[in-house]
Each structure stands twice: as C-alpha cells, then as structure tokens.
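Biologist: I have the model open and would like to go through it with you. Shall we take one question at a time?

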Amino acid sequence: MATTASPYGLRPINRVDGMPYAGATSQFLIDPAGTGTNLFYGQVVLINANGYIALSTATGEDLTTNNLGGSGLGAIGVFVGCSYINAQGQQIYAQYYPSGTTGVVTAYVVTDDTVTFQAQLDGSATQAVLGANTFFAAVQSTSTGSTRTGNSTSALDATVQTAAAAFKIVGFASPVTDAYPDVLVKFNPGAHAFSNAVGI
C-alpha cells in the first residue's frame with residue numbers, strides 16, 4: 001500500500017493495449033564530453049540539439065512551453081540505465097548515469113509510446129482521476145534521484161487536469177484510497193517525440 005511518499009519516477013509495466021511489455025529499449029549516446037546532471041532510472045529524457053540524450057527539465061504541465069522535450073517538443077522516452085567504460089577499463093552496466101562521466105556512454109531508453117508506466121502521485125486522489133491528465137509534481141533534476149539505488153524520486157501531480165499535459169492516467173496500481181496512490185499512465189500524444197511532428 002502506498003501510505004508514504006516514496007516516488008520512483010516512471011516504471012514500465014505493460015503496453016496500453018494490455019499486452020506484456022517485453023523489456024525492449026533503444027540505445028542512444030550521452031555526450032562523450034560528459035553531461036552535468038545525473039540520469040536516474042525512471043526519469044524522462046530527450047534528445048538535445050546536439051543529438052545526445054539529456055534530462056528533461058520541464059514538468060509537462062502543458063504541451064507548449066512546458067512540454068517534456070522542450071518548448072513544443074516531445075520527449076524520447078524513459079531512461080532505464082546505461083553502460084560505459086570506467087577509469088579501470090571495466091565495462092559497467094549501471095542503474096543511473098553519474099554526472100560528468102565521459103567517454104562512450106550508452107543510454108538505454110524505453111521509447112515505445114504505447115507503454116504504460118507506473119508512478120506515484122504526490123498526494124491523495126479519488127476514482128475521478130481516471131482518464132485525467134497529470135504531469136511531474138516538480139521538475140526533474142540531477143538531485144531528483146538516489147545515487148544509492150539509482151532510481152528516480154520524482155512523483156506525478158495529484159492535482160490532475162483536463163487540459164493537455166504530459167501523461168494520461170489509465171489505471172491504478174494501488175488502492176485509490178491510499179495516501180499516495182500508485183497510478184498507471186501513458187504519454188499523451190504530443191508529449192512523446194514519436195507522436196509529435198515537430199523536429200528538434
């Protein structure tokens with residue numbers, strides 16, 4: 001039961017049509033010169049103007065100036081780990097990307113815009129939130145995650161809206177009467193790069 005606030009970003013669960021999510025990811029490069037933010041499992045990421053994976057720092061409260069991929073742009077998906085060569089020459093497979101890591105770093109991203117994700121709301125809700133739109137309760141940053149677990153600590157906003165926003169609530173993963181319900185969400189059209197016709 002979600003009786004305490006313990007958010008974890010977005011966890012892939014299944015496809016919106018009910019089919020199992022088979023764990024498929026796409027691989028992208030992180031800037032080999034290093035990027036100045038940690039990337040945690042469950043964070044939404046974008047492709048930046050240089051063609052590299054970077055953290056989305058918008059809430060997704062709207063699909064214009066606050067869209068997840070930048071103003072009017074969609075995100076590419078959800079970060080679920082990376083691999084790189086450390087200073088000792090060892091191949092590392094990691095739950096999160098440590099800020100400033102240089103060299104060839106491969107990010108693994110869930111890019112399928114039909115995937116349903118589980119996330120925690122930042123407050124109480126009712127059955128009426130089903131079908132409503134939500135967004136991140138606060139912007140993602142280098143510190144919205146745990147370097148111990150490698151997981152995001154971002155929650156979705158319990159104050160839902162009918163206006164366009166990043167995610168649509170399509171189900172519940174815990175009793176809606178919990179203090180901090182776990183919900184199932186999907187990217188709304190336009191919030192994901194695959195359903196957004198605007199290029200970078």
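Biologist: At what distance from a polar atom of the Ser-152 side chain does the backbone nitrogen of Ser-154 lie?

Modeller: In this predicted model, Ser-152 is found in the loop between strand E9 (133-134) and strand E10 (167-172). Strands (E, at least two residues) and helices (H or I, at least four) are DSSP runs numbered from the N terminus. A polar contact is a pair of N or O atoms within 3.5 Å; within protein, one must be able to donate a hydrogen and the other to accept it, and residues adjacent in sequence count only if both atoms are side-chain atoms. For the backbone nitrogen of Ser-154 and the polar side-chain atom of Ser-152, the distance is 3.0 Å.

Biologist: Thanks! I will keep in mind that local features of this predicted model need pLDDT of at least 70 and side-chain atom pairs count only at pLDDT 80 or more, while totals for chains, interfaces and linings use all residues. Residues are numbered from 1 along each chain as its sequence is written, and side-chain values use heavy atoms, with hydrogens and water left out. Is Ser-152 buried or exposed?

Modeller: Contact means heavy atoms within 4.5 Å, and Ser-152 touches, among others, Pro-7, Tyr-8, Phe-40, Tyr-41 and Thr-144, not counting residues up to four places away in sequence. Its relative accessible area is 1%. Buried means under 20% relative accessible area, exposed over 50% and partly exposed in between (1.4 Å probe, protein chains only), so Ser-152 counts as buried.

Biologist: Tyr-8 brings a charge to mind. Which residue has its charged end over the ring of Tyr-8?

Modeller: A charge sits over a ring if NZ of Lys or CZ of Arg is within 6 Å of the ring centre and within 35 degrees of the ring normal. Here the charged end lies 3.8 Å from the centre of the Tyr-8 ring, and the residue is Arg-11.

Biologist: Now the sheet. In what order do the 5 strands of the open sheet come?

Modeller: Two strands pair if DSSP finds at least two bridges between them. E1 and E8 are joined by 4 bridges, E8 and E11 by 4, and E10 and E11 by 5. The pairing in the sheet is antiparallel, and the order is E1-E8-E11-E10-E9. Strand E1 (11-15) and E9 each have a single partner strand, so one side of each is left without a neighbour, and the strands at the edges are E1 and E9.

Biologist: Which residue is the bridge partner of Phe-167 in E11?

Modeller: Strand E11 (182-187) is also paired with E8, where Gln-120 has Asp-182 as its partner and Gln-118 stands opposite Leu-184. On the E10 side, the partner of Phe-167 is Phe-187.

Biologist: How many of the 6 residues of E11 are buried?

Modeller: In a regular strand the side chains alternate between the two faces of the sheet. In E11, Asp-182, Leu-184 and Lys-186 point one way and Val-183, Val-185 and Phe-187 the other. E11 is largely enclosed by the rest of the structure, because the buried residues number 6 of 6.

Biologist: Which residues have the most contacts inside the largest nonpolar core?

Modeller: A nonpolar core is a set of buried Ala, Val, Leu, Ile, Met, Phe, Trp, Tyr and Cys residues joined through side-chain atoms within 4.5 Å. The largest one has 26 residues, and E10 and E11 are among the elements that give two or more residues to this core. Apart from it lies another core, of 14 residues, among them Ile-30 and Phe-79. In the largest core, the residues with the most contacts are Leu-10, Val-44, Phe-167 and Phe-187.

Biologist: What kind of pair do the rings of Phe-136 and Phe-167 form?

Modeller: Rings of Phe, Tyr and Trp (its six-membered ring) pair if their centres lie within 6.5 Å; planes under 30 degrees apart count as stacked, over 60 as edge-to-face and the rest as tilted. The structure holds 4 such pairs. With centres 5.6 Å apart and planes at 85 degrees, the rings of Phe-136 and Phe-167 are edge-to-face.

Biologist: And how far apart are the ring centres of Phe-167 and Phe-187?

Modeller: Phe-167 and Phe-187 are both buried, and they belong to one aromatic cluster with Phe-117 and Phe-136. Phe-167 lies in E10 and Phe-187 in E11, so the pair ties together parts that are 20 residues apart in sequence. The planes stand at 55 degrees, so the pair is tilted, and the centres are separated by 5.3 Å.
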